[in-house]
Amino acid sequence: MANSRTVLILCGDYMEDYEVMVPFQALQAFGVSVHTVCPGKKAGDSCPTAVHDFCGHQTYSESRGHNFTLNATFDEVDLSKYDGLVIPGGRAPEYLALTASVVELVKEFSSSGKPIASICHGQLILAAADAVNGRKCTAYATVGPALIAAGAKWIEPITPDVCVVDGSLITAATYEGHPEFIQLFVKALGGKITGANKRILFLCGDYMEDYEVKVPFQSLQALGCQVDAVCPEKKAGDRCPTAIHDFEGDQTYSEKPGHTFALTTNFDGLVSSSYDALVIPGGRAPEYLALNEYVLNIVKEFMNSEKPVASICHGQQILAAAGVLKGRQCTAYPAVKLNVVLGGGTWLEPDPIHRCFTDRNLVTGAAWPGHPEFVSQLMALLGIQVSF
């Protein structure tokens, strides 16, 4: 898919993990070129991220997220080359709003009339840049006093998925609003989504990889698909803990606690035949889901009916256990190669690690850096297109 729009994401240390990665990878999957920058850093440097979640206390908790690698250099930004700007939330905006070069950049974007999409605490930067005066705006609730003082027409975030549009300005309260937030931004960039009247099922489990469930889940929702998530022995509204897998200089990936992920549908009584496609996230969940006969039967049903199945990283452990890889070309996280080969699949080396492959109705990927390819290849099987 040709890149016909280019957008900039304004990053900083301890920005919220989902609020940078979900739009970053979703937009790329939709054919948008995305550059990520942070003041004082250059392409190839990384920003630590923060996981913000609600764990029953009066405010959100924070733990360490993934390390986010920048792909452009802040000091080399030429605003004339960009069609839009995204500002993630988290704690980064607290100090970015005090950074003169950042404030000036946002002022220029605002005065140009190009779309700006800002989420959660990102609106602190908008306030510092005088970009909300007289405009309707929402944000994480605690940001409200600053926005009101900056002259915004404050819209209370009654639910965490609230999004507000005022001209070229798109604001959202939290990452739960990503589906509408990203869809509105795509439309503001001139994008048109077609073929997205699809129903998609996610097979979830405890300690699935954090990005590998949330990024494709919200990306597909942003397209307008109905997306459901189920887990054996759990029901709609229950939550699965997730795991953050990242490379931090050791011989294998590290693991840290991720966000909790809310399921949308009961596993018991599931009518899997009513869905058009199946997605299997990776992480540690597939180790035990591969032992569940009901999970394996769902996978067999989708594969036998030739409906699209997209599986990433360790998710292929489930495919191997279900016996559906015979005669299929397949990649996975390299440590899962044994499962794939023993399961009768033809191994495809994931070099580089973001490589994804499609074999008839089956899309496989090696790890979360491959989400743009992973989601776009699933879109192709489903007949979903984003055009500009």
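Two strands pair if DSSP finds at least two bridges between them. Helices (H or I, at least four residues) and strands (E, at least two) are DSSP runs, numbered from the N terminus.

The model is predicted: local features need pLDDT of at least 70, side-chain atom pairs count only at pLDDT 80 or more, and totals for chains, interfaces and linings use all residues. Residues are numbered from 1 along each chain as its sequence is written, and side-chain values use heavy atoms, with hydrogens and water left out.

**Exercise 1. The three-stranded sheet**

Work out the strand order of the open sheet that holds β2, β4 and β5, and find its edges.

Solution.
- Step 1: The order is β2-β4-β5, and the pairing is mixed.
- Step 2: β2 (15-16) and β5 (61-69) are the edges; each has a single partner strand, so one side of each has no neighbour in the sheet.
- Step 3: Look at β2 and β4 (residues 46-53): they run parallel and are joined by two bridges. M15 has T49 as its bridge partner in β4.
- Step 4: As a reminder, strands of a sheet pair through backbone hydrogen bonds, either parallel or antiparallel.

**Exercise 2. One residue of an edge strand**

Describe the surroundings of S61, which belongs to strand β5.

Solution.
- Step 1: Take the accessibility classes: buried means under 20% relative accessible area, exposed over 50%, partly exposed in between (1.4 Å probe, protein chains only).
- Step 2: S61 has 24% relative accessibility, so it counts as partly exposed.
- Step 3: Contact means heavy atoms within 4.5 Å. Beyond its neighbours within four places in sequence, S61 touches V51, H52, D53 and C55.
- Step 4: For a long-range check, compare S61 with V375: they are 314 residues apart in sequence, and their C-alpha atoms are 30 Å apart in space.

**Exercise 3. The six-stranded sheet**

Trace the open sheet of six strands from one edge to the other.

Solution.
- Step 1: Its order is β15-β13-β18-β19-β23-β22, with mixed pairing.
- Step 2: β15 and β22 (356-359) are the edge strands, each pairing on one side only.
- Step 3: Neighbouring strands are turned by 15 degrees against each other on average, direction ignored (axes are lines fitted to C-alpha atoms, for helices over the stretch in contact, and angles run from 0 to 180 degrees between N-to-C directions).
- Step 4: β13 (residues 199-203) and β15 run parallel, joined by five bridges; R199 is partnered with Q226 of β15. Four of the five residues of β15 (residues 226-230) are buried.
- Step 5: Further along, β19 (residues 309-312) and β23 (residues 362-365) are also parallel, with four bridges, and A310 has V363 as its bridge partner.

**Exercise 4. The faces of helix α3**

Which residues of α3 are buried, and how are they arranged around its axis?

Solution.
- Step 1: α3 (residues 100-112) has 13 residues and spans 18 Å from its first C-alpha to its last, close to the expected 18 Å (1.5 Å times one less than its number of residues).
- Step 2: V102, V103, L105, V106 and F109 are its buried residues.
- Step 3: Viewed down the axis, these residues fall within an arc of 160 degrees, so they line one face of the helix. The arc is that of the directions from the helix axis to the C-beta atoms.
- Step 4: On the other side, A100 and S111 are exposed.
- Step 5: The buried residues pack against β1 (5-10), β6 (84-87), α2 (92-96), β7 (116-119) and α4 (123-128).
- Step 6: After α3 comes G113, with a positive phi near 80 degrees.

**Exercise 5. Unusual backbone angles**

Locate two non-glycine residues with positive phi and one cis peptide bond.

Solution.
- Step 1: Start from the usual case: most residues other than glycine have a negative phi, and most peptide bonds are trans.
- Step 2: C120 has a positive phi of about 65 degrees. C120 sits in the loop between β7 and α4 and is buried, with a relative accessible area of 7%.
- Step 3: E306 also has a positive phi of about 65 degrees. E306 lies in the loop between α9 (293-304) and β19 and is partly exposed at 41% relative accessibility.
- Step 4: The peptide bond from D351 to P352 is cis, with omega near 5 degrees; P352 is in the loop between β21 (346-347) and β22.
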